[in-house]
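Visitor: Please give me a close look at one part of this model, the charged side chains and where they sit. After that, show me what lies around them.

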Amino acid sequence: MVRGAARQRLPRSGPASRAPGPAEEPRRKRKPRTEFALKEIMSSGGAEDDIPQAERKTVTDFCYLLDKSKQLFNGLRDLPQYGQKQWQSYFGRTFDVYTKLWKFQQQHRQVLDNRYGLKRWQIGEIASKIGQLYYHYYLRTSETSYLNEAFSFYSAIRQRSYYSQVNKEDRPELVVKKLRYYARFIVVCLLLNKMDVVKDLVKELSDEIEDYTHRFNTEDQVEWNLVLQEVAAFIEADPVMVLNDDNTIVITSNRLSETGAPLLEQGMIVGQLALADALIIGNCNNQVKFSELTIDMFRMLQALEREPMNLASQMNKPGMQESTEKPARRENPHKYLLYKPTFSQLYTFLAASFKELPANSVLLIYLSATGVFPSGRSDSEGPYDFGGVLTNSNRDVINGDAIHKRNQSYKEMHCLHPGDLYPFTRKPLFIIVDSSNSVAYKVVHASQDLTL
């Protein structure tokens, strides 16, 4: 999954400028759209003279914004997944184009219907891309308020049935767009603990997959059924259900609320060190997961966050726009979420976090991974002789166990040994190891500013 980066506010061309929300779309009754796009109309004999110049320009401008938005969105894949500065300006430009595109299709809907043949699923695709942008911005910044923005757009797609006509077209790729929208919406709802919505979405997704596999002879039927199995297992494994006095279910949250901060114990000093960065790593075999987010990664990332607040209300507070003072920063630690990383990937992200760690700050590493044990007794007992935890590799896996094709006298090359963390103990480091071989990390000396 996409990994996060900085905590800075969004540039003016991004969400801070408030891209028009889905609720702002005009609800006028739309005229029936034509079957031909402007290009096809103009190519027919004499039709070009029948199209006003202003309408031709409207369609041309819309096509330009649509192509530019797709180009910028696809370019997000090429951005470095680590580092806290390189991605910000590109995200800003992408938000800016999608803001213009969303406003443009609202203001010129009738012309686009008649001359371009704009379909509702195309509007839904634009809204879905904006929802994805907000979600990825949450991953980059750890600001939970952007989850609410993603939910707003995803919810509007469902409420307005933007994808309702997709099933009537004989185009399986459009149905796949709809299925992927459901999967992304479920992830956002899980992160917001909206379990009632999740259950409704899973039921709808199940019906859509059944219809999709019945109508098209596709090769991805097994993959989509696996998606359903994963989310069902995730729902069953995650929530801790608490009953009220009237026996209604209360969904508890692992996030820190504004009023739920624990009181300081007597003699504790505030402000010496602050948790600024966190690497949350999941690499256990046969673990409950959904969309490259294991259940333990899911719980840990929420434990490092504050409850989401309404971003729109914060932006629209009296005097907020005129004031030169920045709004109060919500100090959620910046997080990288690494699902089954290789050793080199893990070390790259760890080095990036170490390099950019602010002064008087702590780096947290959460390792949930399969244990790697030493193959035999070693003459020495150093930080590379007790094993560690497994990182990902390209070797074949049978029943969850990797096939070892090398001489067992050699150390496991895909193991993260305690000694591999020594270079990063030059700055304050806090490690949580959830593994069958977590005891191996006790060999790290406390004098190296490492807390276990």
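**Charged pairs and their surroundings**

Guide: Let's begin with Lys100, which is partly exposed at 46% relative accessibility. Keep in mind that this is a predicted model. The partner of Lys100 is Asp96, and their side chains meet in a salt bridge at 3.6 Å, N to O. Asp96 is partly exposed as well, with a relative accessible area of 28%. How far apart are the two along helix 3? They sit 4 residues apart in that helix, which runs over residues 88–107, and that puts about one helical turn between them. An α-helix has 3.6 residues a turn, so residues three or four places apart point the same way. Add to that the point that side chains of opposite charge can pair when their charged atoms come close.

You'll find a similar story in helix 2. There, Asp61 forms a salt bridge with Lys57, and the closest N and O atoms are 2.8 Å apart. Asp61 and Lys57 are again 4 residues apart, about one helical turn, within residues 53–75. Asp61 is partly exposed, at 25% relative accessibility. These are examples from a set of 12 salt bridges in the structure.

Now for a pair with another setting. Lys178 and Glu208 meet through their side chains in a salt bridge, 2.9 Å from N to O. This one ties together distant parts of the chain: Lys178 belongs to helix 7 (residues 172–191) and Glu208 to helix 8 (residues 195–215), with their positions 30 residues apart. Are the two partners buried or exposed? Lys178 is buried, with a relative accessible area of 6%. Glu208, at 12%, is buried too. The cut-off behind that word is under 20% relative accessible area.

Since Glu208 has brought us to helix 8, let's walk along it. Its 21 residues should span 30 Å at 1.5 Å a residue, and the end C-alpha atoms are 30 Å apart, which agrees. Glu208 has plenty of buried company in helix 8, including Met195, Val197, Val198, Leu201, Val202, Leu205, Ile209 and Tyr212. Look down the axis of helix 8 and the buried residues fall within an arc of 135°, so they line one face of the helix. Turn to the face pointing away from that buried side and you meet the exposed residues Asp196, Lys203, Glu210 and His214. For a bench reader, that's a handy way to picture Glu208: it is listed among the buried residues of helix 8, while Glu210 is listed on the face turned away.

Let's step outside the helices for a moment, to two serines with a backbone quirk. Ser161 has a positive phi of about 55° although it is not a glycine. Ser161 lies in the loop between helix 6 (145–159) and helix 7, where helix 7 is the one that carries Lys178. Ser161 is partly exposed, with a relative accessible area of 35%. Ser291 also has a positive phi of about 55° without being a glycine, and its place is the loop between strand 4 (289–290) and strand 5 (293–294). At 38% relative accessibility, Ser291 counts as partly exposed.

From there, move to the strands. Leu279 is found in strand 3 (residues 274–283) and is buried at 0% relative accessibility. Its C-alpha atom is 4.9 Å from that of Tyr336, although the two are 57 residues apart along the chain. Beyond its sequence neighbours within four places, Leu279 is in contact with Tyr336, Phe349, Leu364 and Tyr366, among others. Follow Tyr366 next: it stands opposite Ile432 in strand 13. Strand 7 (residues 361–369) and strand 13 pair in the parallel sense over 6 bridges. In a regular strand the side chains alternate between the two faces of the sheet. Strand 13 has a covered face with Leu429, Ile431 and Val433, and an uncovered one with Phe430, Ile432 and Asp434.

Finally, zoom out. The chain comes to 12 helices and 14 strands, and 48% of its 452 residues are buried. Of the contacts with a separation of 6 or more, 77% are between residues 24 or more positions apart. The accessible surface is about 24000 Å², with 50% of it belonging to carbon and sulfur atoms.

Technical notes. Residues numbered from 1 in each chain as written. Predicted model: local features only at pLDDT ≥ 70, side-chain atom pairs only at ≥ 80, totals over all residues. Heavy atoms only, no water. Salt bridge = Lys/Arg side-chain N within 4 Å of Asp/Glu carboxyl O. Buried < 20%, exposed > 50% of the residue type's maximum accessible area, 1.4 Å probe, protein only. Pairing = 2+ DSSP bridges. Contact = heavy atoms within 4.5 Å. Areas by Shrake-Rupley, 256 points an atom, 1.4 Å probe, with all protein chains shown as cover. Expected span 1.5 Å × (residues − 1). Arc of directions from axis to C-beta.
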